[in-house]
Amino acid sequence: MKKILLLCAAGMSTSLMVKKMTEAAEKKGIEVEIKAVGLEKFEENLNAYDVFLLGPQVKYKKADLEKIAATVGKKVEVINTVDYGMMKGDKVLDFALGLIG
């Protein structure tokens with residue numbers, strides 16, 4: 001099972017994105033675990049998830065988190081601002097799955 005972690009500042013809109021992504025996965029018959037946490041929980045979840053997606057509001061942390069994730073061969077990317085704003089869970093799910101490979 002693929003595991004995707006969304007990272008954000010406060011978590012309100014990111015929690016909604018998790019819901020939309022989960023619904024998209026169910027429609028496609030894809031088994032996936034998707035969760036959202038605050039940035040401060042990144043390192044404690046580093047080994048538990050396959051890929052890390054940043055909410056657009058915290059994209060400034062990408063370079064720092066990428067360095068840490070690279071030590072265990074994992075990717076950190078920023079969610080597309082339009083897809084995030086329009087809550088396109090299917091697009092963000094496809095983006096995440098493409099990063100995992």
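Contact here means heavy atoms within 4.5 Å. The model is predicted: local features need pLDDT of at least 70, side-chain atom pairs count only at pLDDT 80 or more, and totals for chains, interfaces and linings use all residues. Residues are numbered from 1 along each chain as its sequence is written, and side-chain values use heavy atoms, with hydrogens and water left out.

**Exercise 1. Describe the contacts of L53 and the nonpolar cores.**

Step 1. Setting aside neighbours within four places in sequence, L53 contacts I4, L5, L6 and L7, then M21, E77 and I79, and finally V92, F95, A96 and L99.

Step 2. A nonpolar core is a set of buried Ala, Val, Leu, Ile, Met, Phe, Trp, Tyr and Cys residues joined through side-chain atoms within 4.5 Å. Buried means under 20% relative accessible area, exposed over 50%, and partly exposed in between (1.4 Å probe, protein chains only).

Step 3. The largest such core has 19 residues, and L53 is among those with the most contacts inside it, together with I4, L6, M17, M21, I34 and L93. Two or more residues each come from β1, α1 (12-28), β2 (32-38), β3 (51-54) and α4 (89-100). These elements are DSSP runs numbered from the N terminus: helices are H or I of at least four residues, strands E of at least two.

Step 4. A second, separate core has 13 residues, including L5, L39, L54 and V58.

**Exercise 2. Place V51 in the structure.**

Step 1. V51 belongs to strand β3 and is buried, at 1% relative accessibility.

Step 2. Beyond four places in sequence, V51 touches K3, I4 and L5, as well as K75, A96, L99 and I100.

Step 3. From V51 to A69 the C-alpha distance is 8.9 Å, with their positions 18 residues apart in sequence.

**Exercise 3. At what angle do α1 and α4 pack, and which residues meet?**

Step 1. The angle is about 80 degrees and the axes are 8 Å apart. Axes are lines fitted to C-alpha atoms, for helices over the stretch in contact, and angles run from 0 to 180 degrees between N-to-C directions.

Step 2. The two helices are therefore roughly perpendicular. Angles of 65 to 115 degrees count as such, under 35 as roughly parallel, over 145 as roughly antiparallel and the rest as oblique.

Step 3. From α1, M17, K20, M21, A24, A25 and K28 meet G89, D90, V92, L93 and D94 of α4. By class, this contact has six nonpolar, one polar and four charged residues. Ala, Val, Leu, Ile, Met, Phe, Trp, Tyr, Cys and Pro count as nonpolar, Asp, Glu, Lys and Arg as charged, and the others, Gly among them, as polar.

Step 4. K20 is partly exposed, with a relative accessible area of 34%. Apart from neighbours within four places, K20 contacts M87 and G89. M87 lies in the loop between α3 (81-85) and α4, is buried at 16%, and has a positive phi near 55 degrees.

**Exercise 4. Is C8 buried or exposed, and what does it touch?**

Step 1. C8 lies in strand β1 (residues 2-8) and is buried, with a relative accessible area of 2%.

Step 2. Outside the four nearest places in sequence, C8 touches T14, V37, G38, L39, Q57 and V58.

Step 3. T14, in helix α1, is buried at 1% relative accessibility. With neighbours up to four places away excluded, T14 contacts L6, C8, A36, Q57 and Y84.

Step 4. An unreviewed UniProt entry places "modified residue: Phosphocysteine" at C8. UniProt positions follow the numbering used here, feature names are shortened, and annotations may be inferred rather than shown by experiment.
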